[in-house]
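Q: Hey, could you walk me through this structure? I'm new to this, so plain words please.

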Amino acid sequence: MGLGWKIFARPLISRLDSERSHDLALSTLSKFDKSQYGKSLLSGMFQSPELPIHVLGKLFHHPLGLAAGMDKGAKALSAWPALGFSWIEYGGVTRFPQEGNPKPRMFRANSERALVNSMGFNNPGASSIRDSLISRHSSGNWPNVPVAANIGRSKKVNNEQAPADYASTLDTLWNHADIFVLNVSSPNTPGLRDLQHEDTLSSVLRECTSIRNRYQSDKPILLKLSPDCTDEQVLQIADIAMSSGLDGIVATNTTITRPEPSNTQSRIAFSQNGGVSGRPLQKRSLEVISNLYDYTNGKMTIVGVGGIDSPDSAWNAITSGASLIQLYSGLVFNGPGVTSGIVRGLKRKVSENGFSGISEAIGYSHQ
């Protein structure tokens with residue numbers, strides 16, 4: 001653990017308010033990504049146990065994946081499984097390359113275990129990412145776990161043009177992911193959350209499912225929604241997603257609400273623009289998961305994300321109705337051992353409850 005902590009996590013942990021430390025950690029990890037020996041080394045330290053689950057037509061080694069935002073440009077795809085993740089979501093990717101919002105745009109509130117970011121979908125654009133994924137495929141360095149692509153709206157596009165913008169990115173990346181997540185809920189692109197309104201959302205989803213129909217494919221398409229929607233809006237969005245033929249909901253994105261800061265560092269972080277992720281999101285994320293599970297009678301796949309940083313928070317998300325879970329901030333604050341620690345804890349809870357597998361725990365708290 002000590003070695004991995006030094007080479008990967010410490011730059012990420014020590015000064016994440018500086019975006020450079022995130023970039024440094026990612027470039028370090030992308031070096032491991034290119035080396036079979038490097039990946040074996042990480043695997044030896046951080047491999048998670050098996051806790052298999054079959055969902056979205058795929059078999060996952062366990063439910064825990066890497067959330068979007070950590071590897072926006074898909075630079076270290078093959079190294080994440082070596083850190084114990086059973087699936088990876090790269091992006092957000094937009095049709096056009098974009099710089100994102102002005103820096104600084106990433107802040108930490110350590111005592112609240114929270115991050116504040118106003119990144120704004122900074123990424124090299126769909127075509128550039130597709131080209132790098134094509135060369136990854138041809139070099140035989142594709143990860144052996146399911147890969148999801150998170151798709152956002154380009155900043156220079158207005159909401160009327162959004163359906164075509166999303167569909168174009170989806171089309172560009174279609175052969176380079178197993179699952180797609182439509183992000184209409186980041187607070188860091190002006191007007192993006194307005195896409196959650198009924199008419200606009202329906203047309204975005206219609207354009208995207210028509211791309212899938214054109215490929216005559218059954219790849220899952222999910223919708224990532226905002227924790228700041230009212231309970232009523234959440235259920236309305238679920239209706240639109242189901243009637244549009246989507247396969248699931250990712251609950252949730254970051255929040256624009258702020259917890260009470262406990263010290264100066266937190267006060268500074270929470271005074272910045274952007275979305276809060278991490279522990280303050282835990283309670284609302286669970287409510288949204290629970291409401292969605294109830295409303296859809298467990299028929300729609302839910303991916304739980306927001307404040308998952310321990311076996312307990314992961315178990316709560318699953319028993320509330322999530323089939324899969326993801327983390328981001330938990331990795332930043334707890335280091336790379338967090339993944340295997342959570343999966344080991346889930347495995348223990350499965351056997352303590354007398355379940356034959358993790359699938360039996362999904363939505364268990366509703367019984």
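**The barrel and what surrounds it**

A: Sure! In this predicted model, 8 strands close into a barrel, in the order β3-β4-β7-β8-β9-β10-β12-β13, with parallel pairing. From one strand to the next, the twist averages 25°.

Q: What joins β8 to β9?

A: Strand β8 (residues 179–183) and strand β9 (residues 221–225) run parallel and are joined by 4 bridges. Leu 182 stands opposite Leu 223 of β9 there.

Q: And which helix lies across β8 and β9?

A: That's helix α6, residues 198–214. Helix α6 runs at about 155° to β9.

Q: OK, what about the other sheet, the open one? What's its strand order?

A: The open sheet has 3 strands in the order β5-β6-β11, and they pair antiparallel. Since β5 (106–109) and β11 (275–278) stand at the edges with a single partner strand each, one side of each has no neighbour in the sheet. The twist averages 25° from one strand to the next.

Q: How many bridges are there between β6 and β11?

A: Strand β6 (residues 114–117) pairs with β11 over 4 bridges, in the antiparallel sense. Asn 117 is opposite Gly 275 in β11.

Q: Switching topic: which residues have the most contacts inside the largest nonpolar core?

A: Trp 80, Tyr 90, Tyr 166, Leu 223 and Ile 325 do, in a core of 101 residues. Apart from that core lies another, of 7 residues, including Phe 107 and Val 116. In soluble globular proteins, nonpolar side chains tend to be buried together.

Q: Is Thr 252 buried or exposed?

A: Thr 252 counts as buried because its relative accessibility is 2%, and the cut-off for buried is under 20%. It lies in the loop between β10 (248–251) and α8 (264–270). Leaving aside neighbours within four places in sequence, the contacts of Thr 252 include Lys 224, Leu 225, Leu 281 and Val 305.

Q: How about His 137, where is that?

A: His 137 lies in helix α4, residues 126–138. With a relative accessible area of 38%, His 137 is partly exposed. Beyond its neighbours within four places in sequence, His 137 is in contact with Trp 142, Asn 175 and His 176.

Q: Back to helices. At what angle do α10 and α12 cross?

A: Roughly 60°, and the axes of helix α10 (residues 311–320) and helix α12 (residues 338–352) come within 8 Å. That angle makes α10 oblique to α12, and the crossing is right-handed. Among the residues that meet are Trp 315 and Ile 318 in α10, with Ile 342 and Leu 346 among those in α12.

Q: Any backbone oddities? Which peptide bonds are cis?

A: The bond from Gly 91 to Gly 92 is cis, with omega near 5°, and Gly 92 is found in strand β4 (residues 87–93). The bond from Lys 103 to Pro 104 is cis too, with omega near -5°; Pro 104 is in the loop between β4 and β5. Most peptide bonds are trans, and most residues other than glycine have a negative phi.

Q: So which residues have a positive phi without being glycine?

A: Ala 74 has a phi of about 55°, and Arg 113 has one near 50°. Ala 74 lies in the loop between β3 (64–66) and β4 and is buried, at 4% relative accessible area. Arg 113 is in the loop between β5 and β6 and is partly exposed, at 27%.

Notes: Residues numbered from 1 in each chain as written. Predicted model: local features only at pLDDT ≥ 70, side-chain atom pairs only at ≥ 80, totals over all residues. Heavy atoms only, no water. Core = buried A, V, L, I, M, F, W, Y, C linked by side-chain atoms within 4.5 Å. Buried < 20%, exposed > 50% of the residue type's maximum accessible area, 1.4 Å probe, protein only. Helix = DSSP H or I, 4+ residues; strand = E, 2+ residues; numbered from the N terminus. Contact = heavy atoms within 4.5 Å. Pairing = 2+ DSSP bridges. Axes fitted to C-alpha atoms, helices over the stretch in contact; angles between N-to-C directions. Parallel < 35°, antiparallel > 145°, perpendicular 65-115°, else oblique. Left-handed = near helix turned anticlockwise from the far one by under 90°.
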